Amino acid sequence: LRPPVLFTTMSDWAVYFPLGLVLTMHDAALRPALLRRRWAAVAATVGLFLLASLHAFGVIPAPWARFAAPVPLMFLLPVISRTSIPWYRRFETLGRQSYGVYLAHFVAINLMVFLVGSSGLGLERFPLLVFPTFLIVALGSALLLMDAMTRSLVARRAYRYVFGIAPPVVQRLGC
């Protein structure tokens with residue numbers, strides 16, 4: 001199945017959503033079995049991720065590994081306690097803001113690409129320096145803009161149109 005708009009995205013990744021639904025719906029029944037096999041899931045996830053990475057860098061041919069790597073991870077995630085994850089509340093907050101970050105980050109990345117390219121310093125030759133900077137600037141600017149817009153009564157009206165979601169303050173008030 002290759003829908004004309006989504007091309008391979010839908011056909012490549014469509015198995016994970018139904019699998020996630022099944023695991024969520026039958027969580028109580030599956031949890032004991034998943035707990036017993038969690039270390040096998042960890043080993044399989046790490047091994048398949050390494051194979052996928054080696055394939056991506058052209059070291060070995062394993063094109064199937066990128067599709068197989070998320071499967072054991074999906075069997076592992078239901079047995080991980082969210083409180084065992086460091087800074088889990090911050091990650092949950094970031095997760096709630098992810099659509100807004102998705103919509104706003106592209107402007108910051110394009111600006112950074114323009115600035116790096118036109119600076120004449122040759123920074124594009126140092127991707128290990130430039131890419132993390134892009135990540136920090138794109139994520140930080142989107143989050144700062146979201147925060148600033150939630151604090152301003154005038155800007156809060158435009159928040160939904162800029163970020164595609166209601167601002168957190170408005171959501172708490174039930175609007």
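The following conversation goes through a predicted model and asks on what grounds its features are named as they are.

Visitor: What makes up the chain in terms of helices and strands, and how much of it counts as buried?
Guide: The chain holds eleven helices and zero strands, and its pattern along the sequence accordingly reads α-α-α-α-α-α-α-α-α-α-α. Of its 175 residues, 22% count as buried, and among the contacts with a separation of 6 or more, 50% are made by residues 24 or more positions apart.

Visitor: Why is T45 called buried?
Guide: The term buried applies under 20% relative accessible area, and T45 has a relative accessibility of 13%, so T45 counts as buried.

Visitor: Where does T45 lie, and which residues is T45 in contact with once its neighbours within four places in sequence are left aside?
Guide: T45 lies in helix α4, which covers residues 38-56, and with those neighbours left aside T45 is in contact with A69, P72 and L73.

Visitor: What makes the approach of the T45 side chain to the backbone nitrogen of L73 a polar contact?
Guide: The side chain of T45 reaches that backbone nitrogen of L73 at 3.1 Å, and a pair of N or O atoms has to lie within 3.5 Å, with one able to donate a hydrogen and the other to accept it.

Visitor: What is the phi of W87, and how do you know that W87 is exposed?
Guide: W87 has a positive phi of about 60° although it is not a glycine, whereas most residues other than glycine have a negative phi. W87 lies in the loop between α6 (70-76) and α7 (88-96), and exposed means over 50% relative accessible area, so at 68% relative accessibility W87 counts as exposed.

Visitor: Which helix holds R96, and why is R96 called exposed?
Guide: R96 lies in helix α7, and with a relative accessible area of 56%, set against the cut-off of over 50%, R96 is exposed. The C-alpha atoms of R96 and I165 are separated by 9.6 Å, while the two residues are 69 residues apart along the chain.

Visitor: Why is α9 called oblique to α10?
Guide: The axes of helix α9 (residues 127-151) and helix α10 (residues 153-163) come within 6 Å and cross at roughly 135°. Roughly perpendicular covers 65 to 115 degrees and roughly antiparallel begins over 145, so an angle of roughly 135° makes α9 oblique to α10.

Visitor: Which residues meet where α9 contacts α10, and how do they divide?
Guide: From α9 the residues are A142, L145, M146, M149, T150 and R151, and these meet L153, A155, R156, A158, Y159, V162 and F163 in α10. The residues of this contact divide into ten nonpolar, one polar and two charged.

Visitor: How many aromatic pairs does the structure hold, and what makes the pair of Y99 and Y102 stacked?
Guide: The structure holds three aromatic pairs. One of them is formed by Y99 and Y102, whose centres lie 6.1 Å apart with 25° between the planes, and since planes under 30 degrees apart count as stacked, this pair is stacked.

Visitor: Where do Y99 and Y102 lie, and how is the accessibility of each described?
Guide: Both lie in helix α8 (residues 98-118), three residues apart, about one turn of the helix. Y99 is partly exposed at a relative accessible area of 44%, while Y102 is exposed at 53%, the cut-off for exposed being over 50%.

Visitor: Why is the pair of Y159 and F163 called tilted?
Guide: The ring centres of Y159 and F163 are 4.8 Å apart and their planes stand at 50°; stacked requires under 30 degrees and edge-to-face over 60, so the pair is tilted. Y159 and F163 are four residues apart in helix α10 and therefore separated by about one helical turn. Y159 counts as buried at 0% relative accessibility, and F163 counts as buried at 0% as well.

Terms used:
Residues numbered from 1 in each chain as written. Predicted model: local features only at pLDDT ≥ 70, side-chain atom pairs only at ≥ 80, totals over all residues. Heavy atoms only, no water. Helix = DSSP H or I, 4+ residues; strand = E, 2+ residues; numbered from the N terminus. Buried < 20%, exposed > 50% of the residue type's maximum accessible area, 1.4 Å probe, protein only. Contact = heavy atoms within 4.5 Å. Axes fitted to C-alpha atoms, helices over the stretch in contact; angles between N-to-C directions. Parallel < 35°, antiparallel > 145°, perpendicular 65-115°, else oblique. Nonpolar A, V, L, I, M, F, W, Y, C, P; charged D, E, K, R; others polar. Phe/Tyr/Trp six-rings, centres within 6.5 Å; stacked < 30°, edge-to-face > 60°.
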